[in-house]
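Please walk me through this structure, beginning with its sheet and moving on to the strands, rings, pocket and unusual backbone positions.

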Amino acid sequence: MQPIYLTLSKPATPVAPCGSRFWGNPDLPQGYEYPTYSDAAGNVFEYQFICQINLAEVAPYDVENRLPHKGLLSFFAKIDHYLGNFDCQDSISSCLSRPEDVRVLFFPEVDLPGTNPLYEEQVLLDEEDRPMNPEEWQIGFSIQRSEMYGDDHALFAEPTHREWETWDSPCEHWEILLQIDSFDGEDFRLNFMDCGVLDFLIAPHDLAARCFDKVVAVVLST
């Protein structure tokens, strides 16, 4: 299986609507609410938006046709703790998460970036009307791992950070849909335990069926 590496860089101009971006804010259909979850006490929180990937931009690198060649794939997860919000105890750990600990949204009707008028950026603001998410980075793609951008961000990453043969039951032989590495920016520090990675896992039959609502996640750190 050929990994597709993500290279992140600060954009000179804002990423186009429905373009591939890391951090920033997600583009969602008009009227579609930002994904949230409730804790045991019934308090409602927003998932942390991680990235969105325009699959038309990935298509030239998807030599094995693993993904649709059109649409928008957006990743959200409970990772506030790894961004320094240590008051948040409900975070993904080194055990396989529950499906409700992550949200992977697939919008198959999205076309090339900048050509989707029915989608709009959903901006989260704090009590002082300041953006809550880190500033956006643009995402580029390659089938060659960049030495300049040495972080292990990748679609279909190889399980090199795993110290055992396969995933725990019931996820044996599941694939890494997306891997996110620890890294820092001017307005954030993302640290998965001890400079580890966050892996989103998907069952092969769900990937083939374009079903992304049963994805789970795990943090691996050596």
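In this predicted model, ten strands form an open sheet in the order E8-E7-E6-E2-E10-E1-E11-E12-E15-E16, and their pairing is antiparallel. The edges of this sheet are E8 and E16, the latter spanning 216–220, and each of these two strands pairs on one side only. As background to what follows, strands of a sheet pair through backbone hydrogen bonds, in either a parallel or an antiparallel sense.

A good place to enter the sheet is strand E7, residues 72–77, which has a neighbour on each side in the strand order. On one side, strand E6, residues 48–54, pairs with E7 in the antiparallel sense over 6 bridges, and within that pairing Ile 53 stands opposite Leu 73 of E7. On the other side, E7 pairs with strand E8, residues 102–107, again in the antiparallel sense and over 6 bridges, with Leu 72 standing opposite Phe 107 of E8.

How far is strand E7 enclosed by the rest of the structure? Of its 6 residues, 6 are buried, so the strand is largely enclosed by what surrounds it. In a regular strand the side chains alternate between the two faces of the sheet. For E7, one side carries Leu 72, Ser 74 and Phe 76 while the other carries Leu 73, Phe 75 and Ala 77, and since these residues are all buried, both faces of the strand are covered.

Elsewhere in the sheet, strand E1, residues 4–9, pairs with E10 in the antiparallel sense over 5 bridges, and here Leu 6 stands opposite Phe 141 of E10.

The aromatic side chains offer a second way of reading the fold, for the structure holds 16 aromatic pairs. One of them joins Phe 75 and Phe 200 in an edge-to-face arrangement, with 5.1 Å from centre to centre and 65 degrees between the planes. Because Phe 75 lies in strand E7 and Phe 200 in strand E15 (residues 197–202), this pair ties together parts that are 125 residues apart in sequence. Both partners, Phe 75 and Phe 200, are buried.

Another edge-to-face pair is formed by Trp 137 and Phe 183, whose ring centres are 5.8 Å apart and whose planes make an angle of 80 degrees. Trp 137 belongs to strand E10 (residues 137–142) and Phe 183 to strand E13 (residues 183–185), so this pair ties together parts that are 46 residues apart in sequence. Trp 137 and Phe 183 are both buried, and they also belong to a cluster in which ring pairs link Phe 22, Trp 23, Trp 137, Phe 183 and Phe 188.

Aromatic rings in this model also have charged partners. Arg 66 lies over the face of Phe 156, at 5.3 Å from the ring centre, and Arg 162 lies over the face of Trp 167, at 4.7 Å from the ring centre.

From packed side chains we can turn to the space left open. Rolling a probe the size of a water molecule over the atoms shows where empty space is left. The largest pocket has a volume of about 480 Å³, and it is lined by 18 residues, among which Glu 46, Gln 48, Asp 80, Asn 85 and Met 132 lie nearest its centre. The largest share of this lining, 3 residues, comes from strand E5, residues 44–46. Sorted by class, the lining comprises 10 nonpolar, 3 polar and 5 charged residues.

Some backbone positions deserve a separate look. Most residues other than glycine have a negative phi, and most peptide bonds are trans. The peptide bond from Ser 169 to Pro 170, however, is cis, with omega near 5 degrees, and Pro 170 lies in the loop between strand E11 (154–155) and strand E12 (175–181).

Which loop holds Cys 18? Cys 18 is found in the loop between E1 and strand E2 (21–22), and its phi is near 65 degrees, a positive value in a residue other than glycine. Asp 129, which is not a glycine either, has a positive phi of about 60 degrees and is placed in the loop between strand E9 (119–121) and E10. As for their surroundings, Cys 18 is buried, with a relative accessible area of 1%, whereas Asp 129 counts as exposed at 59% relative accessibility.

Definitions and conventions
Residues numbered from 1 in each chain as written. Predicted model: local features only at pLDDT ≥ 70, side-chain atom pairs only at ≥ 80, totals over all residues. Heavy atoms only, no water. Buried < 20%, exposed > 50% of the residue type's maximum accessible area, 1.4 Å probe, protein only. Helix = DSSP H or I, 4+ residues; strand = E, 2+ residues; numbered from the N terminus. Pairing = 2+ DSSP bridges. 1 Å grid on protein atoms, 1.4 Å probe; cavity = no way out; pocket = protein on both sides within 12 Å on 5 of 7 lines; lining within 4 Å. Points joined across faces, edges and corners; volume = space filled by probe spheres on them. Nonpolar A, V, L, I, M, F, W, Y, C, P; charged D, E, K, R; others polar. Phe/Tyr/Trp six-rings, centres within 6.5 Å; stacked < 30°, edge-to-face > 60°. Lys NZ or Arg CZ within 6 Å of the ring centre and 35° of its normal.
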